[in-house]
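Here's a quick question-and-answer walk through one protein model. Have the sequence and the structure open side by side as you read.

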Amino acid sequence: MADLLRLLLRVAEKAANVARICRQEAPLFQLLVQEKTGEDKNKKFVQDFKTLADVMIQELIRHDVRAQFPELAGFIHGEESNKFENGLGESVTVTVCSTEEETAKLLATVLDGDRTAASLLARAVHQDPATIEASTDGLTVPLKPSELGIWIDPIDATSQYIEGREEVLEEGRLSPSGLHCALVLIGVYLRSTGEPVMGVINQPFNNKDPAGTGWRGKHYWGVSCGSTNICSESRPGERSEGGLSVVLSSSEKQSVKEALTSVCGPDKLMYASGAGYKVLCVIQGLADAYVLSEGSTFKWDSCAPHALLRALGGGVVDLALSLQQSESGAQDPRTELTYHQPRADRSGADRWANHGGLVAYRDVSQLRSILGALRAKL
């Protein structure tokens, strides 16, 4: 497990480099922000360059993990399909090749011959990142790679990544939108039960280098398996002021907002972009919980941060299932989200949606308060 964690931290940083380079290099940035207008023969794909960047990040993670842990090969799942059709109608399967030159040649066929952009993206994909330090002392979890599966979200909060608004993060304060909301998420789950056992979160745009050399990232990780619970973040201390704080999507139902005001103090309903970032706010103690009543998130959004929350004594539950429970009973562990089984009655990506909504929490007593308030109103 320690070897797998070190590898995931390294590939997440590699992925973060690709995300940063796509914004720093002019030929790539122009493709990234290009509007869906015009009649170019290649408009379908060049305009969807953000999807190609997502796919390349996903595929570099898949490639590097498979190389070191071949037992995981059939169980590395991602948000994006890696099959493209270029402007000439040719079908291209995007993968990371054995050399930078081969990858550039493949990418040029997707980018309709834009060799400059293809070469820049290939170089980023094949670039080795700086060493990521992580204290994995005591990490002796008796799990084999053949027991595990992986979910990848290459760039969570893509809209914030494309828009690219730069915000200065204040210590101890949630910042609702901006580049910092864009995250690389890699979650590991048990194939047998679907429990999330390891998570790596990389925030590529955490702060700007004072020397003016660009953005610096930050990484977070956690392992939760049996009696082993280790996290890069420490459990936040108790706050003295009254009322719980809950982070929501700005599009959350009015009835949910009204229900939560009974357990939240003044100004304790907060709003932020990106599902992963909202759970990260709970992990960091910037909010006590994240509530989402719609089934608009997916397994790749929640698997990685769920593992970190478990390591801190919290979790992520299915909201609809939790509301069906009696208020007096102990929290049923079966309401926790799992990651191994698709919904048989759905198709496509919808098979992997968190259909019942969710609550991400750090403290089970706070979860009970939130569920009680929602039961009374919904």
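**Rings, annotated sites and cores**

Ring pairs link Trp151, Phe298, Trp300 and Trp352 into a cluster. Keep in mind that this is a predicted model.

Q: How are the ring planes of Trp151 and Trp300 arranged: stacked, edge-to-face or tilted?
A: The ring centres of Trp151 and Trp300 lie 5.9 Å apart, and the planes make an angle of 55°. Stacked needs under 30 degrees and edge-to-face needs over 60, so neither of those labels fits. That leaves the Trp151 and Trp300 pair as tilted.

Q: Which elements hold Trp151 and Trp300, and how many residues apart are they?
A: This pair ties together distant parts of the chain. Trp151 sits in strand β4, and Trp300 sits in helix α10 (residues 299–311). Both Trp rings belong to buried residues. In sequence, Trp151 and Trp300 are 149 residues apart.

Q: What kind of pair do Phe298 and Trp300 make?
A: Phe298 and Trp300 are both buried. Their ring centres are 4.7 Å apart and their planes meet at 5°, so the pair is stacked.

Q: Which residues does the UniProt "binding site" annotation cover, and what is the largest C-alpha distance among them?
A: The record, an unreviewed UniProt entry, lists Glu79, Asp153, Ile155, Asp156 and Asp301. These residues are spread over 223 residues of sequence, yet they cluster in space. Their largest C-alpha distance is 9.8 Å.

Q: Is Asp153 buried or exposed?
A: Asp153 is part of strand β4 (residues 148–156). Leaving out residues up to four places away in sequence, Asp153 touches Glu79, Leu183, Val184, Leu185, Trp300 and Asp301. Its relative accessible area is 1%, which means Asp153 is buried.

Q: What is the relative accessibility of Ile155, and is this residue buried or exposed?
A: Ile155 also lies in strand β4. Its contacts beyond four places in sequence are Ala19, Asp54, Ile57, Tyr161, Ala182 and Leu183. The cut-off for buried is under 20%. Ile155 comes in at 4%, so this residue counts as buried.

Q: Which helix gives the largest share of the largest nonpolar core?
A: In soluble globular proteins, nonpolar side chains tend to be buried together. Here the largest nonpolar core has 69 residues, and Leu8, Leu52, Ile61, Leu148, Ile150 and Tyr161 have the most contacts inside it. The largest share, 13 residues, comes from helix α1 (residues 2–24).

Q: How many residues make up the second, separate core?
A: Among its members are Leu185, Val282, Ala353 and Leu358. This second core is separate, and it has 39 residues.

Q: Which ring does the charged end of Arg191 sit over?
A: Leu148 touches both Phe75 and Arg191, among other residues. The charged end of Arg191 is 3.5 Å from the centre of the ring it sits over, and that ring belongs to Phe75.

Q: Which residue shares a polar side-chain contact with Glu59?
A: Glu59 lies in helix α4 (residues 49–68). At 4% relative accessibility, Glu59 counts as buried, and further along the sequence it touches Asn82, Val94 and Val96. The polar contact is 3.2 Å, and the partner side chain is that of Arg62.

Key. Residues are numbered from 1 along each chain as its sequence is written. This is a predicted model: local features need pLDDT of at least 70, side-chain atom pairs count only at pLDDT 80 or more; totals for chains, interfaces and linings use all residues. Side-chain values use heavy atoms; hydrogens and water are left out. UniProt positions are given in the numbering used here, feature names are shortened, and annotations may be inferred rather than shown by experiment. Helices (H or I, at least four residues) and strands (E, at least two) are DSSP runs, numbered from the N terminus. Buried means under 20% relative accessible area, exposed over 50%, partly exposed in between (1.4 Å probe, protein chains only). Contact means heavy atoms within 4.5 Å. Rings of Phe, Tyr and Trp (its six-membered ring) pair if their centres lie within 6.5 Å; planes under 30 degrees apart count as stacked, over 60 as edge-to-face and the rest as tilted. A charge sits over a ring if NZ of Lys or CZ of Arg is within 6 Å of the ring centre and within 35 degrees of the ring normal. A nonpolar core is a set of buried Ala, Val, Leu, Ile, Met, Phe, Trp, Tyr and Cys residues joined through side-chain atoms within 4.5 Å. A polar contact is a pair of N or O atoms within 3.5 Å; within protein, one must be able to donate a hydrogen and the other to accept it, and residues adjacent in sequence count only if both atoms are side-chain atoms.
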